[in-house]
Structure formats: C-alpha cells, structure tokens
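Here's a quick tour of the empty spaces in this model, followed by a look at one helix pair. Have the structure open as you read.

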Amino acid sequence: MTPDLDTALSQVQAAADALRQRVGDGARVGVILGTGLGALADQIEARETVPYDEVPGFPLSTVESHYGRLIAGTLRGVEVLAMQGRFHLYEGYSAWQVTFPVRVMAALGVETLLISNAAGGMNPLYRRGDLMLVTDHINLQGANPLTGPNVDAWGPRFPDMSEPYDRGLRDAAEAAALERGVPLRQGVYVAVVGPNLETRAEYRLLRQFGADVVGMSTVPEVIVARHQGLRVLAMSVITDECFPDALEPVDITEILAAAGQAEPTLAALMGDVVESLA
C-alpha cells in the first residue's frame, strides 16, 4: 500500500535528490533488466554506477541473479538509467517498494521505460529461448501498487490501461526484429506472486485465462509507469516450456541458462529500440 501522501512524496523526492547529485537528470529512458538478463548493462557506456543500498528508500535485491545497482550512462548514444536487478513481491516487499524505483525514475525525468523478464511459455507454439513482445497483461498477484492514497501530481486515481504497452515502441521492436531476422513472438503476460513454479492444473487455468506466458514481475512496474504517463515496452525470454501434458521438472539453473542464451538477441533488440528514440 502507498504510504500517506507526505511520506510517499518525501521518500521519492529524497531518493531522486540523492541520485540527481550523482547521475544527473538527463536520462529520458529507463531500463529494468530482469532474471539472467543483466548483461545488457555491459553495452552501456557507464558514467556512474550506484548500488541500491546507497539510494535512500531503495529496497535491496535478494535474488542471486540480480546485481542490485543502478547504471547511468549512454546506450547507442542515448542517455539511459538502468536497473540491474529488480524487486519482487515474493521477496517480501510491498507493491509500493517493488515499484519505488519507477517513481524515482519518473521524478528524474524518465519518459520511456523498457522492461525485460524471464517467463514460462504456456502457448504451445512457444519454445525455450524464444523472445516475446508483451502486448497485454493479466494481474493475478493479488496486489496493486496504486492501492492507498493517490498522489494527484503523479497521475489520476483511476488510470486508463487500455494500452499499457506502447504501440509505437512495439512497432520499433518489430521492425528491429525483422531487420535482424529474429523471430519475435507477441502475446499476453500473466503475473503471479511466486516464488514456486506452477502446477499442471495452474498452467491449464492460466492458459484458459488467455495468457501466453507466466512470470512473477513486470506488471506492478508497468502499472506505476502508466500511472505517471511513461511509455512502456516489455519483452519476455521464454525460459521453460510449461505444457501441462508434457511438463518436466525445471530448476533455477536451467532457467538462468536459457535466459543467458537468449540474452545477446534480446540485448540487440532492446538496443535497437533505444536507438530509435534518439
């Protein structure tokens, strides 16, 4: 739940002021790098790297594959502010804490948010290692980061979510994939709390809901980004095949390996989208 108005505003302002002193406020593009996908940061010409524990109010990432730092610099000549590691509800954080960095990015002037994640593929046409452009989402996390007092300066009490994923950014990603000859799926992402993977019955149910992939992140950040008027693009790496009638055990090492194999292609497409914003 969002804290009271004064507390919410002061927490975001304190973090933004501290970061502004170290990284400035020239970035108009924010990037959230998900599970096993942090190496896109290597392509950023970093001007400053800030560990999360040095930013007032920032949670600390507890997931092994998440570095837990902000990187300010340029990517393809565009000023970016990248989160190398995100936060999740399953870590015990509230929806407010999970999305706090997005509020801070917006306070620093970020206007576009690019998000990557690892997800389980439920669409029978999808295979391990595929990339999917998120066109819509379903929130089954039982939490919403807008619950509580609304800060009118940030956005409306009831923000419209008819198109949470920006059509222009999706067009840019499609064009980049076509230019590179890279297959790019398109579909619906459903967010659950986790951290356990799903049962056969749960995969069947989620598929019947209309979801193509399932994950444990992204949706809270997208809701907050849209609340503040940011344009959003999200891409998923299919790290495992979640077909109920042919389900096999999977562990985190296999998920990270799949994410790592897809990482160069995802990084290239994300870079192309960023370059299109120059």
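## Pockets, cavities and a helix pair

The second largest pocket has a volume of about 280 Å³. This is a predicted model, in which local features need pLDDT of at least 70 and side-chain atom pairs count only at pLDDT 80 or more, while totals for chains, interfaces and linings use all residues. Residues are numbered from 1 along each chain as its sequence is written, and side-chain values use heavy atoms, with hydrogens and water left out.

Around that second largest pocket sit 15 lining residues, with Asp240, Glu241, Glu248, Pro249 and Val250 nearest its centre. Strand 9 (residues 231-241) gives the largest share of this lining, three residues.

Now for the closed spaces: there are five cavities of 30 Å³ or more. The largest cavity holds about 60 Å³, and its lining includes Asp25, Arg47, Leu81 and Val110. Here's how the two linings split by class:

| Lining | Nonpolar | Polar | Charged |
|---|---|---|---|
| Second largest pocket | eight residues | one residue | six residues |
| Largest cavity | seven residues | two residues | two residues |

On to the helices. Helix 1 (residues 5-23) and helix 2 (residues 95-107) have axes that come within 9 Å and cross at roughly 55 degrees, which makes helix 1 oblique to helix 2. Their contact (heavy atoms within 4.5 Å) involves Ala8, Gln11, Val12, Ala15, Ala16, Leu19 and Arg20 of helix 1, meeting Trp96, Phe100, Arg103, Val104 and Ala107 of helix 2. By class, that's nine nonpolar, one polar and two charged residues.

Notes
Axes fitted to C-alpha atoms, helices over the stretch in contact; angles between N-to-C directions. Helix = DSSP H or I, 4+ residues; strand = E, 2+ residues; numbered from the N terminus. Parallel < 35°, antiparallel > 145°, perpendicular 65-115°, else oblique. Nonpolar A, V, L, I, M, F, W, Y, C, P; charged D, E, K, R; others polar. 1 Å grid on protein atoms, 1.4 Å probe; cavity = no way out; pocket = protein on both sides within 12 Å on 5 of 7 lines; lining within 4 Å. Points joined across faces, edges and corners; volume = space filled by probe spheres on them.
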